[in-house]
Amino acid sequence: MSEPVARSPIEPAPPVLVVDGWEVSGRRAQAGLTLTDCTPLAKLQVRAPIGGRAAAELAVPFGRAVRDPGGTLTAGSGPGEWLLLAAPGRGPVLAARMDDLAARCPGELVTATDVTHGRALVRLTGPPAAGVLAKVCGIDITEPITPDGAAFRTAVAAVATDVIRDDTGGVPSYLLHCERSSGAYLFGELLAAGGEFGIEIDGFTTEGT
Amino acid sequence: MSGQTSAMRLPPQPGEVINRGEPVEFTWNGRPVRGYAGDTIVSALAAAGERVFSRSMKYHRPRGLLSASFHDPGCMVQVGDEPNVRGAHRLAADGIVVTSQNTWPSLRLDAKAVNGLAGRFLTAGFYYKTFMRPRFAWPAYESVLRRFVNAGTVSPGTAHLRPEKRHAHPDVLIAGGGPAGMAAAISAARAGASVLLVEEEHALGGHLRWGSEADLAVLAELTGLVAAEPGIEVLTDAVALGRYDGNALAILERRHGGAETERLIRARAKTLVVAPGLIERPYVFAGNDLPGVMLSTAVRRLINLYAVKPGQRAVVLTANPDGDAAVADLKRVGVEVVRVEDARLGGDIVAATGRAGVRAVQVADGTSIACDLLVTAVGWTAPTSLLNASGDRPVYSPQAARYFPDAARLPENVLVTGGIAGDGSVEELTGHAAAVGAEAARRAARTAAAWIAATPTARPAAGTGAEESVRPIPELPVDAHPELFAGRTNGFVDFSEDVSAKDLRAAVAEGFRGAELAKRFTTATMGPLQGKLETVNTVAVVAAATGATIAETGTTTWRPPYVPVTLAALAGRAFEPVRYSPMQPWHDAHGAVPLVAGAWIRPDRYGDAAAEAANVREHVGIIDVTPIGKLDLRGPDVPKLLNLLYVNKWSKLEIGRVRYGVMCAEDGVVLDDGVTGRLGEEHYLMSTTSSGAATIWEWAENWLQTEHPDWRVHVTPVTTAYASMNVAGPQARRLIERVTKDVDLSNEAFPYMHVRTGQIAGVDDCVLWRIGFTGELSYELHVPAGYGLHVWQTLLDQGADLGIHAFGVEAQRILRLEKGHFIVGQDTDGLTRGFSAGLDWAIKLDKDDFVGKPELAWQAAEGSGPRLVGLQPVDPSVVPEEASLIMEGGSIVGRITSSRMSPTLHRSICLAQVEARLAGPGTEVTVRLPDGRLIAATVMPQHAHVDPDGGRMRV
Amino acid sequence: MRTSTNGHRQSPGRSHYPARYSAAELFRRGLVSEAWPPAWQQQPMKGSYDVVIVGGGVHGLAAAYYLAANHGITDVAVLDKGYMGSGGSGRNTAILRSNYLTPEGVRFYDRSVQLYQRLATDLDYNVMFSQRGHLTLAHSDASLRTMRWRAEVNKVEGVDSEVIGPAEIKQLAPFLDVSPAARYPVMGALWHPPGGIIRHDAVVWGYARGASARGVHIHQNTEVTGIDVAGGRVRGVRTSRGDIATPVVLNATAGWSTLISDMAGVTMPVMTSPLQAAVTEPVKPFLSTVIVSGTLHVYISQTDRGELVFGASVDPFTSYSMRGSLEFIEGLAGHVLELMPALGKVRLLRQWAGLCDMTPDFSPIMGKTPVDGFLVDVGWGTYGFKAGPVSGEAMAQCIASGQTPDIIAAFGLERFGEGALVGEKGAAAVGH
Amino acid sequence: MILLPCPWCGPRAATEFAHIGEVSVRPDPGSATPAQWRGYLYLRANPCGWTSETWYHRMGCRRFIKVERHTETNEVRSATAAGVAEVPGTGAGMTEIPDATAGARAGGAEIPAGGPAR
């Protein structure tokens, strides 16, 4: 039997590499607007009572996303719902941390579900990123409504998608997170929408995730 | 006509928009025509001396330029495969192929023009009064009528266009880029608003563009100021199609990326400013549709924008300064103005005569004057479309002879300015507009603040001070204007539909005594101009005929879209999400025939479905069942939820067990089914049907959030977190043993209807369910989705010597029918309550509560409804098609819900719904096949045709 | 005198048309320039009528016409708050068919098609019924199965319907994309030759003219503001133009039917939602059949004027708004192009909305109510226009005889209390 | 493009939501008569005016919310969270204007047993 290799729903653009047990694209884009399949990142969905103690300890309100010093991005993805994103393979560590949190909050139902394999995740980066999103999403992608650190769920190309504004070095950047089986479709729609802005696929690396 | 360009082309004009350094050439009915960049198709043709561009709908009368704008009924042409192009708006371009519409054999010699002679018989609505006898003759009449359709043609070869849309969120959206719209935009932008300024013409400026040198100077200044404001986005050749609830506006960009490709912008405006200006109204008199009869704005556009001389000898009817300006323009470019009839002084036009164009005009004093151009300037129509959609009901002013918005009815987020709001000098209009723009910005800021405060992603507004006070908006003067609608002779009210004033009066006389009824009867305003030129004249003629005032008669509603819009622009990319399983690359590579199941694309079969099914019974098969709905359930109150949603009992499900369950809706109708397994103390995994996955998730959330918010349960959809595959057949255990670690697969350790977790093919955290939809020994494997393809391939590799083959949905349907498992929505329908589906064994009426319990209790007591039964035709070779009816005499007493030829039994097998009295085992029923033959079939003791005792699943 | 199909002798409700319509008369009047007389009379409103019908659409006017023509009951007033046909009758997409799913539905709508077939001659008014055939596309095996179910029930009831395959579909409608590569591939269709389109306004006007000629009063711009009920029975109606005493009120409204029934104290299982429609600019005729796709929520026909008329399913929430929505025309256009990709350059000209009273089982509510003398002909969802003639005929018979005719027995209000819903719910989809 | 003021997410296009229907009260399934139960299943107030109804924010927060909407203008005057005492944080859209009339008539209405005679 061969070694298991994990695959994203989005077919990697050649050259194909294996990074952290995942098949990924090794392409390096030069364009000012890029789209990267970040599906290998560990993804954890956490649920806890609205306004409870666990919610207070998580310390990220619904609608905002915060990156901790360890690099884990915690997004308040819904009322009583959080999405944790971290480097590939970190899922069990995050889950253990959530188990600890649950233990500290007796009487509260705090659960964590590893959705690494259940969701697709892509990153759209570049100054025209908002212009791309405006073609596939009805939310006002302007500074006062969705500044850096905004987290919201809405329809993107008719797919329910968590959108997290996570600028990189002052350049607008958005993480888009959807249910796995629609990932290839969403990726294709973003590429199409980015066409007029010269979008290019950029391969996945573990740095800066 | 030859390819010459110059017949009517004037020397350079101060405001001309043509680029004489850039000639363009296209064909018109096969002949070459030259114009300049900036020309419209029709201005280029007019410059070349052409006057007739189409034939009218009913009488095939020659038609020429009337308004020289988008809204010109006589200038509809075919461009390539595009029908109904507005030739007086569409820019001329190199190489386009332009043809006239509705003409045969040619534009000049149109055979159907003989209809004109029959005009006295073809009165409005004549077709309602004839052709009804004999009854069977109508199709013949109809086919003749259809030949008279006045329109362009569609081509089956036109590609499927998918122009992309975009969303916009302007603070202030300004519909109309004339002087008022520009002034409003500048002022709103200076107040800090983001502005989207939308102009229908090819450039900003409105009437200033074809105005005097002074107008051009104002235009230049405003254009510069607009360009200097970074907060203003300008769209030209774009139009607000409609205003919808929530102040949402559909904006159509007609040109994009240098091409004639329409695309849509969905704009959510915090404030809408309506500044569309006014549309010049035609006058109704005999001969008013002859080529050479033009509106004053048309001649001014031709002269000043396109440097085209509209005629040689002109008569002008003027009732306003714009008519006077047209006279001045005509004189300036050397048109002989032989008569000016001033309506303010009692002047009038009685009739125009001619055949292919105006030859003479009879004026008020009875004189007949030879001319080739008749210009009318008799007043204005307010295009109130966006206001109608905002709930406004415009009010008629007899003094100004036009409609005005009813300011009291306008919602807070809609403002008006420009000609639609009043008259006045350019300074007065731009002053009004500037005040409107500032007020629009203020209201938008207030809305923005409220939205920011309500949105959790938003950055809290930085210490806004006291709210700005309301900006006063000055009143615009309203100029007196004579009421001129229909003159003393009969002429066309609706040019597109060939409806005359006489037709409208006849309609009123026949009882159609209101604008709406008369409109419907005559079809006035129903054509491609959507009433822009015709509505007010229609109302005026109906008012006169009924003896009511225009105000009493009201107006017709302007329905969106404001201008016709291509289906491609509306559709856009038409987002249609599709879903694939992780194993799709394998399916593609192995010839899977796709099955479209909602958003999912699944393998229906790879080859012969019956052989795939037989292989499962004989050896082992594997099917991709990823779309099966899967919900991860956590929390101490999960059993309460399961007991509520399912009709059967769940309190005592042990860890490691799975159980089949059925859900009904509150009306007792079967909703969904599936199995739920208990993975841990407070951890369950529920499966649903593929099509029910989203529904059941919402169903569970609905009960939890609205009825039982105190229950501690978390429901997480994990349908695609797992790649799901079912390995079924006598060799299934041998295969699974080869790839599984740490799970004892023996029948004793892991019996039927149990669940285990473990490692498969080197992949951790896999879930194994021992269940049997196919009726065979089978394991349903749920594998972390990223490894789905790996596990699938490994199973096929490791099972090669065991005879493994992949099977598709069709083989699964055969297998499950052999086993007698029903499919919700196929064997049940929208009225099938639990007991009708044969769920007597599952429904536990002794539970305190579950969804649909009362209806099921009453069904149990009454014994009502049909019953689902296993059924076998007496002749084993006949497979009655699904939906074949079961008959008793002439009455329908049931139907076949599923049927197949069983590869295992080599006979036809069915599930059927029959009336309860016929459901007893051994009952013989009569099935009516689609071809009408009647066959006998026998009701079976149970649903299962193969292995009714279930021995094969339990080995 | 002739016998109506319901077995009732036609009473002396003869017409007194001021002018018969025919080609010869059209020609004569054209020659001598003689105007046509009014198609109907404007009568003063009386203080009492034997029957008051609320709603001057095809249902109300047909009921009035058949009351007069079949039963000799002519002391009838038809009230409409707007102009005649201003509600659903003038806002539907004028598609007729009888290929329903249940035997009771098929019989009922088949009777309607029969009446429509002879309506032009019955009413002396060309309603332009064009029986060009009706295709309901199936994009999945489940919907194909439902098509076959409908076809089988239709055949048993003697209605012409059959399931056909993509090749035959392509012949009937060459612009359809029937390739397997389509996003929603066409797997087959229910072909129903008797289906077609009609001129909806003409039906309204024809009935109005026929009713008026038999003595019925039609009061437009007359809004009902209340219904007087005493001792469990109807006594009269109050209107914006005065009160009317009457023992019989028929609620034949659509959209506002719950509001009218509320006035009589009758609560109904009805939810009102807009149904939107749109029409394109004309193009030369290329489509001769009616095309319906339940999966894509769209139906398409081309009028004799060349316009494409589009409809869809009702809006996804309750509302009395008739303003129309952007997402409707966007979705509609997308779905039309999925079916006929070459129509991208055709322009949509106008959109509008009507109101539909949706019942839980996609079937109407007809007949008597717990209030004596208050009858309903409501809950017509998206299929009211198709049923105009048969509903008028049946409600007239119900009023005249005091008995519920068999043909509408399945559609009584009581079925909801009995949990005996009509089986059209069995295959609920877009129903055109 | 109606804008629904989701108490959680802020104003969003109505197309992101599923309309669940008029707020209704579920009778006690143990004691409900057929008339009561079928009234709950089928009868609706269906007012032309203000109504109280449930929407589900399918594309957003996935919460069920209670909305006061005018069925003719589609204007929304309040939207509140279902099953939660209050929305922490923004307090968005929490203004609730009680309206005793909307939805009251159908609430608990019964279908007349047997209906009229045929």
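**Group meeting: how chains B, C and D meet**

Okay, let's start with a pair that misses: chain A and chain C do not touch, and their nearest C-alpha atoms are 12 Å apart. Contact here means heavy atoms within 4.5 Å. Some housekeeping. This is a predicted model, where local features need pLDDT of at least 70 and side-chain atom pairs count only at pLDDT 80 or more, while totals for chains, interfaces and linings use all residues. Residues are numbered from 1 along each chain as its sequence is written, chains are lettered from A and ligands numbered from 1 in the order in which they are written, and side-chain values use heavy atoms, with hydrogens and water left out.

So which two chains have the most contacts? Of the five pairs of chains that touch, that's B and C. On the B side 100 residues are in contact with 95 residues of chain C. Together these two chains bury about 8700 Å², with 57% of that on carbon and sulfur atoms. Buried area, by the way, is the accessible area (1.4 Å probe) that two parts lose on being put together, summed over both.

On to the charges. The B and C interface has 16 salt bridges by the rule, which asks for a side-chain nitrogen of Lys or Arg within 4 Å of a carboxyl oxygen of Asp or Glu. If you want one to look at, try B:Arg813 with C:Asp141, at 2.9 Å from N to O. There are also 44 residue pairs in polar contact across this interface, both residues at pLDDT 80 or more. A polar contact is a pair of N or O atoms within 3.5 Å; within protein, one must be able to donate a hydrogen and the other to accept it, and residues adjacent in sequence count only if both atoms are side-chain atoms.

There's a strand pairing across the two chains as well. Strand S30 (565-566) of chain B pairs with strand S17 (residues 347-358) of chain C, antiparallel, over two bridges. Pairing needs at least two bridges found by DSSP; the strands (E, at least two residues) and helices (H or I, at least four) are DSSP runs numbered from the N terminus. Within S17(C), C:Leu348 is the bridge partner of B:Val565.

Now one residue on chain C: C:Arg91. You'll find C:Arg91 in the loop between strand S2 (76-79) and strand S3 (95-96). Buried or exposed? C:Arg91 counts as buried because its relative accessibility is 16%, and the cut-offs are under 20% for buried, over 50% for exposed and partly exposed in between (1.4 Å probe, protein chains only). Beyond four places in sequence, its contacts include B:Arg559, C:His200 and C:Trp352. A polar atom of the C:Arg91 side chain lies 2.8 Å from the backbone oxygen of C:Ala353. And C:Gln276, 185 residues away in sequence, has its C-alpha 8.6 Å from that of C:Arg91.

Last stop, chain D on chain B. Here 30 residues of chain D are in contact with 28 of chain B, and the two bury about 2600 Å² between them. D:Met1, D:Arg26 and D:Phe64 lose the most area on the D side, together 28% of what that side buries. The rule gives four salt bridges for this interface, including D:Arg26 with B:Asp849 at 2.8 Å, N to O. Nine residue pairs are in polar contact there.
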